[in-house]
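User: Could you take a close look at the salt bridges in this model for me? I'd like to know which residues pair up and how buried or exposed they are.

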Amino acid sequence: MDELKLIPFQVEEILPMSSNVPEGVEMIEAPLLWEQANQGKGNVVAVIDTGCQPDHPELKDRIIGGRNFTTDYDGDEDNFSDNNGHGTHVAGTIAATENGTGVVGVAPQSDLLILKVLTGSGRGRMDWIIDAIEYATNWEGSNGERVRVMSMSLGGPSDIPDLHEAIKQAVNKDIAVVCAAGNAGDGREDTDEFGYPGAYNEVIQVGAINFERKLADFTNTNNEIDLVAPGVNILSTYLNGEYARLSGTSMATPHVSGALALLINLSESQFKRKLTEAELYAQLIKRTMPLGYTKQAEGNGLVRLGLIDKINDILSVYTNNWEEKIARNEVKIKSMQP
């Protein structure tokens, strides 16, 4: 039976408490969109991972549902508790509630559908993962909610046709599927390291950088990388109501998943209609900034959610100056007339 597993990650530090906006959330400029995007409210992100601590103070109000696809807890489908830590960390980066304590996620009013496909050891059967993707694709909440984003920080070295087909079906239903690139990088920009499902063209594949905007040595590089996000020393929620700093492309991925939850609200309010997955992807990519690496390494660059507003501010200065110059010229021309 084919398996996927957690993309290896590094636990840097476990903290009993915290009280700040994580650096990664600030780095992608999520707070600049919170008011316009209503903090992602109304959007459901499916977290396909090791589960989640359902009573964590920053997550308990964000979980809209969940299911266990593994053999953990004697296969109890209703018990999607995290017995690893990875899934709880990912969930917090996406949607930890802004409550004045602990940490806050990229889209702190978005909802989480927790789908446990990996055991406490970080391994999962391929059929579990495919079943979870299909479940998320067809899931409907009690108030008609549907999944708009899937976040998967897992992978393996093999291209599995059934996995690929399940992902294509999700994308065809206008669900953005965000996947980690993988941590098998060799520190070089010109070598290919492929992990699946991240390397599928249909997904949004995320590489990792550090807070100095340098490419992480461990991040996979390949010609399907879409963009990069913070993935080194990332602070988020963890087991036992605690917090931890972890490193890996697994940590970069939920920054993008949360960003999409914000952009859905922002963009659809502007267009006054539901956007397709391709249109959402375009809204995401227009808010990226190249860092000077090859496209194999950084794709379109670092996601910066405030980029469009900043460009508009710059252009407005030039527009105002141009209008003033025209007015001065008109006065000058009139003064020269007999």
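Analyst: Here's a walk through the salt bridges, one pair at a time. A quick note before that: this is a predicted model, so local features need pLDDT of at least 70 and side-chain atom pairs count only at pLDDT 80 or more, while totals for chains, interfaces and linings use all residues. Residues are numbered from 1 along each chain as its sequence is written, and side-chain values use heavy atoms, with hydrogens and water left out.

Side chains of opposite charge can pair when their charged atoms come close. Taking a salt bridge as a side-chain nitrogen of Lys or Arg within 4 Å of a carboxyl oxygen of Asp or Glu, the count is 11. One of them joins E29 to R304, at 2.7 Å from N to O. That pair ties together distant parts of the chain, 275 residues apart: E29 sits in the loop between α1 (23–27) and β3 (44–49), and R304 in the loop between β15 (302–303) and α8 (307–336). (Helices are DSSP runs of H or I with at least four residues, strands runs of E with at least two, numbered from the N terminus.)

As for burial, buried means under 20% relative accessible area, exposed over 50%, and partly exposed in between, using a 1.4 Å probe and protein chains only. E29 is buried at 8%, and R304 is buried too, at 12%.

Another bridge pairs R188 with D190, with 3.4 Å between the closest N and O atoms. Here R188 is partly exposed at 46%, and D190 is exposed at 51%. Then there's E140 with R146, at 3.7 Å from N to O; R146 comes out partly exposed, at 35%.
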